[in-house]
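Please open the model in your viewer and keep the selection panel at hand. The tour moves from one selection to the next and says what is found at each stop.

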Amino acid sequence: MNSKLHTQTKVVRTQIPRTEAGEHSAPLYLTSSFLFESAEEMADAFADRNDHLIYSRFDNPNFTEFTDKICAMEGAEAGHATASGMAAVFSTFAALCKAGDHILSCRSIFGSTHTVFTKILPKWNIETSYVDGPDVKSWSDSVKPNTKMLYIETPTNPGLEIIDLQLVGELCAKHNLILVVDNCFASPYLQQPAKFGADLIIHSATKFIDGQGRTVGGAVVGRADLIKEIRTFCRSTGPALSPFNAWLLSKSMETLAVRMDRHCASALALAEKLEANSQIEKVIYPFLSSHPGYATAKKQMSQGGALVAFIIKGGIDAGRKFLNNLKLSTLTANLGDSRTIVSHPASTTHAKLSEQERLSVGILPGMIRVSVGLEHIEDIIVDIEQALEFSMKRG
Ligand SMILES: *Cc1c(COP(=O)(O)O)cnc(C)c1O
């Protein structure tokens, strides 16, 4: 494709070849395996002497179209699609780390990734330690001789802390660490960690990439040599995406930019409106000048994202009451949907942690997280404001 085209055009126009039928929309390859013309061609395929497709656990044209679109947006060399975001996370560790290696990560990390670090990788003697907070300059003290990888998320969940990707990239270059960024909260449209030296970028496509709460999927993109190792791991162990989900997600990549523009405009409007609300102690949104990571967010993200967090006065009880009085926004364990989703981490996703552990990852009792959807912004604001009124009432 013409390399002078804008990224958005490349994402929309990156296509796999059409069949004889000449369909305009991408064909869906619902097939478990692919035909060979001869014994020789088949033998060559298995010996890697040609790139003929073999089997859909290994590869499928629909995966290719999906990952090529993410690579175009992320500015990445290569990519691999997986059955879920967690399949991408685990496959990355399993393919690149061996017994005795150490992974450094930030404490504020997606819950299942934390479980992989603390309950699963230790079985193979791969240890993880956490750094606290966004002060990257202090992290070099935690790098050990056996540290292989630095794994981060930014913005973090649910506290929306911002980690300076440029400083992290420099730290990894200095210590020769593989930098892996879970870019799910920003989406490939708002932030491209490869520009700052990230070696691999992980996406839960379940969130903004699908954007409509229909499916689960994932991808890892980045340095071709590392993707090759991840592919080899996935080919033999089987965390493959279904061709149908890949087809769906590839279509979704074509509308990601326009959806994110609306998500972000509405999220900023909501954040600004809530900052003036006396029932709220604090609003956390990366593109509010009151956010401690505002300058860094402006440097590495094109917009502030679709997630807004705020601290409601009255702690856990007020948080529960707030949730129970929403009329439009939904309570569900997801984010990045066309519908506004609200959660109260202290009583749900992070209820198993002790109060102390919650505080260490920035979760106050009255913290509410909103994934701002595509409804009209005025209706979202009205819904949240009326539930806030209720949360203040006694009884
Ligand atoms: C949801 C999520 C994941 C896991 O993705 P799944 O598709 O649910 O497996 C990983 N990281 C972040 C930041 C997420 O929000």
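What unit do strand 4, helix 6 and strand 5 make? In this predicted model, select residues 147-153 for strand 4 and residues 178-182 for strand 5, and add helix 6 at residues 165-175: together they make a right-handed β-α-β unit. Strands 4 and 5 run parallel and are joined by five bridges, with Leu150 standing opposite Leu179 of strand 5.

Stay on strand 5 and show its side chains: Ile178, Val180 and Asp182 point one way, Leu179 and Val181 point the other way, and all are buried. Because five of its five residues are buried, strand 5 is largely enclosed by the rest of the structure.

Next add strand 6, residues 200-204, which runs parallel to strand 5 and is joined to it by three bridges; here Ile201 is the bridge partner of Val181.

Now turn to the salt bridges, of which the structure holds 12. Select Asp199 and Arg223, whose closest N and O atoms are 3.1 Å apart. Asp199 lies in the loop between helix 7 and strand 6, and Arg223 in the loop between strand 7 and helix 8, so the pair ties together parts that are 24 residues apart in sequence. Asp199 is buried at 12% relative accessibility, whereas Arg223 is partly exposed at 32%. Add Asp225 to the selection, since a network of salt bridges links Asp199, Arg223 and Asp225.

Finally, select Arg358 and Glu355, which form a salt bridge at 3.9 Å, N to O, and lie three residues apart in helix 12, about one turn of the helix.

How values were computed: Residues numbered from 1 in each chain as written. Predicted model: local features only at pLDDT ≥ 70, side-chain atom pairs only at ≥ 80, totals over all residues. Heavy atoms only, no water. Buried < 20%, exposed > 50% of the residue type's maximum accessible area, 1.4 Å probe, protein only. Helix = DSSP H or I, 4+ residues; strand = E, 2+ residues; numbered from the N terminus. Pairing = 2+ DSSP bridges. Right-handed = clockwise from strand over helix to strand, strands pointing away. Salt bridge = Lys/Arg side-chain N within 4 Å of Asp/Glu carboxyl O.
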